[in-house]
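This report describes a single protein chain for a reader who has not met it before. The sequence and structure come first, and the description follows.

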Amino acid sequence: MKAKTILSRTGVVIGGVITFLWLTNPSYARFKEFGADVSTAYQKVIFKRTSNFIVFSIYHKQVISSDGGWTLNVKSDEKYIGLLMNFYKMK
């Protein structure tokens, strides 16, 4: 086999893998469906997409509570990576 043929096939395989990962990169709306929205009068859930790369995304979920006054407390602060239409919690 010639080197040109091997490089051509390798390029097609790499392009196919990148295209597959791009098509399976989950959206922000899907992340909001994934994360349980437990918002109440004294508790708010904030969803954010902090980074959007071609093949994966990084998401941030915060649960903030209030005692009814001006004091806000962060009850939960989680980061997720979105890859292949799934979300994986980052530690």
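Helices (H or I, at least four residues) and strands (E, at least two) are taken here as DSSP runs, numbered from the N terminus. By this rule threonine 71 lies in the loop between β2 and β3. The model is a predicted one, in which local features need pLDDT of at least 70, side-chain atom pairs count only at pLDDT 80 or more, and totals for chains, interfaces and linings use all residues. Residues are numbered from 1 along each chain as its sequence is written, and side-chain values use heavy atoms, with hydrogens and water left out.

**Overall form**

The protein chain contains two helices and four strands. In sequence order the pattern is α-α-β-β-β-β. The radius of gyration, taken over C-alpha atoms, is compared with a globule rule of 2.2 Å times the number of residues to the power 0.38. For a compact globule of 91 residues the value would be near 12 Å, whereas the protein chain has 20 Å. The C-alpha trace spans about 75 × 20 × 15 Å along its principal axes.

Accessible areas come from the Shrake-Rupley method with a 1.4 Å probe, and for residues only the protein chains shown count as cover. The accessible surface of the protein chain is about 6700 Å², and 62% of this belongs to carbon and sulfur atoms. A residue is buried under 20% relative accessible area, exposed over 50%, and partly exposed in between (1.4 Å probe, protein chains only). Of the 91 residues in the protein chain, 24% are buried. Contact means heavy atoms within 4.5 Å. When contacts between residues at least 6 apart in sequence are taken, 39% of them join residues at least 24 apart.

**Charges and the salt bridge**

Lys and Arg count as positive and Asp and Glu as negative, while His and the chain ends are not counted. The place of a charge is NZ of Lys, CZ of Arg, CG of Asp or CD of Glu. There are 13 positive and 5 negative side chains in the protein chain, and the centres of the two sets lie 17 Å apart.

A salt bridge is a side-chain nitrogen of Lys or Arg within 4 Å of a carboxyl oxygen of Asp or Glu. Which side chains meet in a salt bridge? They are those of lysine 89 and glutamate 78, at 3.5 Å from N to O. Lysine 89 is in strand β4 (residues 86-90) and glutamate 78 in strand β3 (residues 72-83), so the pair ties together parts 11 residues apart in sequence. Lysine 89 is exposed, at 52% relative accessible area, but glutamate 78 is buried, at 17%. The structure holds one such bridge.

Glutamate 78 is also the nearest side chain of opposite charge to lysine 61, which is buried and has no salt bridge; the distance is 4.4 Å. Lysine 61 belongs to strand β2 (residues 57-66). Beyond neighbours within four places in sequence, the contacts of lysine 61 include Phe31, Val45, Phe47, Glu78 and Tyr80.

**Strands β2 and β3**

Glutamine 62 is another residue of strand β2, and this residue is buried, with a relative accessible area of 15%. Outside its neighbours within four places in sequence, glutamine 62 is in contact with Lys44, Val45, Ile46, Val74, Ser76 and Asp77. Asparagine 73, in strand β3, is partly exposed at 39% relative accessibility. Its contacts outside the neighbours within four places in sequence are Val63, Ile64 and Ser65. For threonine 71, the corresponding contacts beyond four places in sequence are Ser65 and Ser66, and threonine 71 is partly exposed at 41% relative accessibility.

The table gives C-alpha to C-alpha distances for three pairs.

| Pair | Apart in sequence | Apart in space |
|---|---|---|
| Glutamine 62 and serine 76 | 14 residues | 5.5 Å |
| Threonine 71 and tyrosine 59 | 12 residues | 25 Å |
| Asparagine 73 and valine 38 | 35 residues | 15 Å |

**The loop between β3 and β4**

Leucine 84 is found in the loop between β3 and β4, and its phi is near 55°, a positive value in a residue other than glycine. Leucine 84 is partly exposed, with 37% relative accessible area. Methionine 85 is placed in the loop between β3 and β4. The phi of methionine 85 is near 60°, a positive value in a residue other than glycine, and methionine 85 is partly exposed at 32% relative accessibility.
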